[in-house]
Amino acid sequence: MYDINQTHLIVDLLDIRENAESLKVYTSGKLIAVVKADAYGHGVIPVAETLTSVVDMFAVATVEEAIELRQADISKPILILYSPLPEYTEDILLHELTPAIDNWDLAIRLNDMSEKGDILAKHTPDGKIRVHVDVNTGMNRSGVCYTEAREFIERLRSLPNIEVEGIFTHFATAHEEDKSFAHVQLNRFYPLLTIKPRIPIVHTANSAATLEIPDSRFNALRPGLSLYGIYPGKKKALPLYPALTWKTHVHWIDEIEVGEGVSYGLEYKALHPIRIAGLRVGFGDGYPRALSGIGEVLINGKRRSILGRICMDSMVIKLKESDYVRIGSEVVLLGKQGEEKISIEELAEKANTIPYEILTRIGKRVQRIYKP
Ligand SMILES: *Cc1c(COP(=O)(O)O)cnc(C)c1O
């Protein structure tokens, strides 16, 4: 089904499944799998289908992402991590979604539209819309301020059609070595747990907190990155398996003379006659252009350097005289080949970004091939 000359990703679904199973050791409660941004670039439908029997709930960033899951017959509860605009109320009801909530406008709209009957009837057995209250404890990008959350929850509970099923907050620094601000956030959050009747689902732990801050685990976890086998911080608390291998192929091979330049701007200049190869991948596929002149790829299990500027659809590498390479030879951009390996951490560090950004920028043009 794929053109071998195109750049493609091999996604190992079994690895993702095993990572999810491993993360479960940190909770006797629920595992909420964060599959926003197309499951961090891995492809949300196959990932969700793989995880649906392992996890208790999925989480996405937008209502559109949640609808995509429903249209693929994913029936597990789906949390929308950011309080949606009130305009989405009908979609939330129709698709039985569980929104985060941090403002009264959404609450009123959800409650009022439920009064109208037909849509709501199938939402939950008791006819109530379940919401999770987003509490801002210091990340300062969303959520009800922790000092006002108690009152907000009481008001929500006065609405007949709303059920406060969950309460959560999000850490600003859980991935850093210094966990002191994460504990400040937790201390702002704790008093809300005395609210009676008790809110059933309490979650604060992203991947970093799941792995490194035991106090953050409560009765549900909310990891994203670690499901895909990547560590958010320096510590490797648990063996995780990166699920992606990014490959492409050589489409051109030649030798150039001393003084010849390579690619746009001719930034790289040959000091000796050299052998070079063109690869079918570029920044149009999401490969970071920042790796121009500094990145490496694997060919025949060996590291070879990227020469000059990375183009939209192509880039050039330097070969050794002894390299056995032909048109169509496999090249690995990310992952293992033979004994060598290029990790996403390495790519991110060299490109001066974070693994999250590299993953979510891998383009549509890059075909995803799934290993069951
Ligand atoms: C993205 C996100 C997560 C997952 O974070 P990871 O670092 O990928 O584990 C959890 N909670 C919220 C609110 C998020 O936006």
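The overall dimensions, nonpolar cores and backbone exceptions of a predicted model are described below.

The protein comprises 372 residues, of which 53% count as buried. Its secondary structure consists of 12 helices and 20 strands. The C-alpha trace spans about 80 × 45 × 35 Å along its principal axes. Among contacts with a sequence separation of 6 or more, 65% are made by residues 24 or more positions apart. The exposed surface of the protein amounts to about 16,900 Å², and 51% of this area is supplied by carbon and sulfur atoms. The protein carries 44 positive and 50 negative charges, and the mean positions of the two sets are 3 Å apart.

The largest nonpolar core contains 109 residues, and V35 and Y287 have the most contacts inside it. At least three residues of this core come from domain 1 (13-228), and at least three from domain 2 (244-371). Apart from this core lies another one, of seven residues, including I256, V262, I276 and L307. The surroundings of Y287 were examined further. With residues up to four places away in sequence left out, Y287 touches W246, V281, G282, E296, V297, I306, I310, M315, L333 and L347.

Backbone geometry was then considered. The peptide bond from K196 to P197 is cis, and its omega is near -10 degrees. P197 is located in the loop that runs between α9 (180-189) and β9 (201-205).

Positive phi values were found at Y40 and at S263. Y40, which is not a glycine, has a phi of about 50 degrees. This residue belongs to helix α2, formed by residues 36-40. Because its relative accessibility is 6%, Y40 counts as buried, the cut-off being under 20%. S263, also a residue other than glycine, has a phi near 65 degrees. S263 is placed in the loop between β12 (261-262) and β13 (268-269). The relative accessibility of S263 is 19%, so this residue counts as buried under that cut-off of 20%. Y40 thus combines a positive phi with a place in a helix, whereas S263 combines a positive phi with a place in a loop.

Definitions and conventions:
Residues are numbered from 1 along each chain as its sequence is written. This is a predicted model: local features need pLDDT of at least 70, side-chain atom pairs count only at pLDDT 80 or more; totals for chains, interfaces and linings use all residues. Side-chain values use heavy atoms; hydrogens and water are left out. A nonpolar core is a set of buried Ala, Val, Leu, Ile, Met, Phe, Trp, Tyr and Cys residues joined through side-chain atoms within 4.5 Å. Buried means under 20% relative accessible area, exposed over 50%, partly exposed in between (1.4 Å probe, protein chains only). Domain bounds come from an automatic or database domain assignment. Contact means heavy atoms within 4.5 Å. Helices (H or I, at least four residues) and strands (E, at least two) are DSSP runs, numbered from the N terminus. Accessible areas come from the Shrake-Rupley method with a 1.4 Å probe; for residues, only the protein chains shown count as cover. Lys and Arg count as positive and Asp and Glu as negative; His and the chain ends are not counted. The place of a charge is taken as NZ of Lys, CZ of Arg, CG of Asp or CD of Glu.
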